[in-house]
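Q: I would like to go through this chain with you. Could we begin with the general picture and then turn to individual residues?
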Amino acid sequence: MEYFWSASSYAAAYLPSAATIVSTVAELNVPGGQATLIAAGAVGGTIVGAVAIPATLSVIGFGAGGIVAGSVAAAAQSAIYGATTCGIFSALTSAGAAGIGGLATAAAAAGGAAVGAAAVGGGAAVINQISS
């Protein structure tokens with residue numbers, strides 16, 4: 001199994017490079033300053049998207065050894081499922097123990113890039129409109 005935190009080549013294997021993001025944004029034909037902001041938002045969003053899911057799973061108690069005692073996940077398991085779990089809780093437990101995998105990480109990174117670029121680009125457009 002591939003583990004998110006221990007794979008040194010993980011980002012290179014699954015995430016687009018900053019150069020790829022910048023060249024893609026350059027093709028959008030937006031003013032230079034806005035293009036730089038959009039690219040920065042996309043790069044930042046890619047990093048946040050790729051790190052957010054595994055980090056969140058870990059923080060709420062879906063650990064490599066299973067459910068962490070005293071965590072939010074443990075409380076939810078106790079209150080909702082008891083001794084047996086199924087469905088989404090089991091999927092989250094598995095993802096916490098084995099990692100979310102390359103495809104899910106790539107999807108999270110792509111989503112983060114899109115949100116980051118849209119947020120920063122939209123903000124820049126609003127500021128330009130207000131200042132005009």
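A: Certainly. The model is a predicted one, and buried residues account for 30% of the 132 residues in the chain.

Q: How many helices and strands are there in the chain?
A: The chain contains six helices and two strands. Read from the N terminus, the elements follow the order α-α-α-β-β-α-α-α.

Q: And what share of the contacts joins residues at least 24 apart?
A: Counting contacts between residues at least 6 apart in sequence, 68% join residues at least 24 apart.

Q: Which residues form the largest nonpolar core?
A: That core has six residues, namely L57, F62, A73, F89, A95 and I100.

Q: Taking A73 from that set, what does A73 touch?
A: Leaving aside residues up to four places away in sequence, A73 touches I60, G61, F62, I67 and F89. Of these, F62 and F89 also belong to the largest nonpolar core.

Q: Now the surface. How much area does the chain expose?
A: The chain exposes about 7600 Å², and carbon and sulfur atoms supply 69% of that area.

Q: Where does V115 lie?
A: V115 lies in helix α6, which covers residues 101-131.

Q: Is V115 buried or exposed?
A: V115 is exposed, because its relative accessible area is 58% and the cut-off for exposed is over 50%.

Q: What separates the C-alpha atoms of V115 and G45?
A: The two C-alpha atoms are 6.6 Å apart, while V115 and G45 are 70 residues apart along the chain.

Conventions:
Residues are numbered from 1 along each chain as its sequence is written. This is a predicted model: local features need pLDDT of at least 70, side-chain atom pairs count only at pLDDT 80 or more; totals for chains, interfaces and linings use all residues. Side-chain values use heavy atoms; hydrogens and water are left out. A nonpolar core is a set of buried Ala, Val, Leu, Ile, Met, Phe, Trp, Tyr and Cys residues joined through side-chain atoms within 4.5 Å. Buried means under 20% relative accessible area, exposed over 50%, partly exposed in between (1.4 Å probe, protein chains only). Contact means heavy atoms within 4.5 Å. Helices (H or I, at least four residues) and strands (E, at least two) are DSSP runs, numbered from the N terminus. Accessible areas come from the Shrake-Rupley method with a 1.4 Å probe; for residues, only the protein chains shown count as cover.
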